[in-house]
Amino acid sequence: MLLLALDTATPAVTVALHDGTSVVASSSQVDARRHGELLLPAVDRVLAEAGTRLDAVTGIVVGVGPGPYTGLRVGLMTADTFGLALGVPVHGLCTLDGLAYASGLDEPFVVATDARRKEVYWARYDNARTRVTEPAVDRPGDLDLRGLPAVGAGALLYPDAFPDAREPEHLSAAALASLAAEKLAAGEELEAPRPLYLRRPDAQVPKNYKVVTPK
């Protein structure tokens, strides 16, 4: 097994390789505006660090969000392209699940990422491996989380709503790859690599625009 994991659902552009036993190389850069520019160089960097080639990869793992439309689709389209070119399966994993796994917490907690518009993408967990609610998008002040610990950039951004905010702030593909490898080894079926947007994109077609046709 050699899994190539990547995620662009948050400001972190993150890539990792996992050989079925451990992470052999990883790269993460935080830049919310340069997902498309940074992702492929990060893949090249990780492959070079591991001393291997892209055609040695046996599976792709990609974070499916939730996340902003533009950033999220960069990772998903790249993963689909790699899968088609290599003839290998492409597995999806919830980005929030990767953050939860990275936390290592063995108690109830919340994962919250920045959804912009003064909102967060969030879900509740019983422990680092067990999500108990579906991912949702809400204003932090509208949530009643009973003082649960929280991880993720959204938790750090809104301390009044998440007074017990903890690291990690952003997802690392190393955690995503490790979680996927663990699930696959246990015979679990992973998600389809389809985006979890939770809301419409910011860009909209103008209403009542004038159609100009040639005479």
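Begin by selecting residues 32–144 in this predicted model, the stretch at which UniProt, in an unreviewed entry, places the feature "domain: Gcp-like". With that selection shown as a cartoon, the span is 38% helix and 27% strand, and its end C-alpha atoms lie 29 Å apart.

Next, display the side chains of Val 61, Leu 93, Leu 96, Phe 109, Val 111, Tyr 125 and Ala 180, which touch the most other members of the largest nonpolar core, a set of 26 residues. Colouring by secondary structure will help here, since strand 1 (3–7), helix 3 (95–103), strand 6 (109–116), strand 7 (119–127) and helix 5 (173–185) each supply at least two residues of this core. Helix 5 gives the most, with eight residues. If you then colour domain 1 (1–92 + 171–184) and domain 2 (94–164) separately, you will find that both give residues to this core, so the core lies between them.

Stay with this core and centre the view on Ala 180, which, leaving aside its neighbours within four places in sequence, is in contact with Leu 3, Val 61, Leu 93 and Leu 190. Apart from the largest core lies another, of 24 residues, and to locate this other core you can select Leu 4, Val 13, Ala 25 and Val 88, which are among its members.

Finally, move to Thr 10, in the loop between strand 1 and strand 2 (12–18). Although Thr 10 sits in a loop, this residue is buried, with a relative accessible area of 8%. Select His 35, Thr 95, Thr 113 and His 170 to see what Thr 10 contacts once its neighbours within four places in sequence are left aside.

Notes:
Residues numbered from 1 in each chain as written. Predicted model: local features only at pLDDT ≥ 70, side-chain atom pairs only at ≥ 80, totals over all residues. Heavy atoms only, no water. Core = buried A, V, L, I, M, F, W, Y, C linked by side-chain atoms within 4.5 Å. Buried < 20%, exposed > 50% of the residue type's maximum accessible area, 1.4 Å probe, protein only. Helix = DSSP H or I, 4+ residues; strand = E, 2+ residues; numbered from the N terminus. Domains from an automatic or database assignment. Contact = heavy atoms within 4.5 Å. UniProt positions renumbered as here; feature names shortened; annotations may be inferred.
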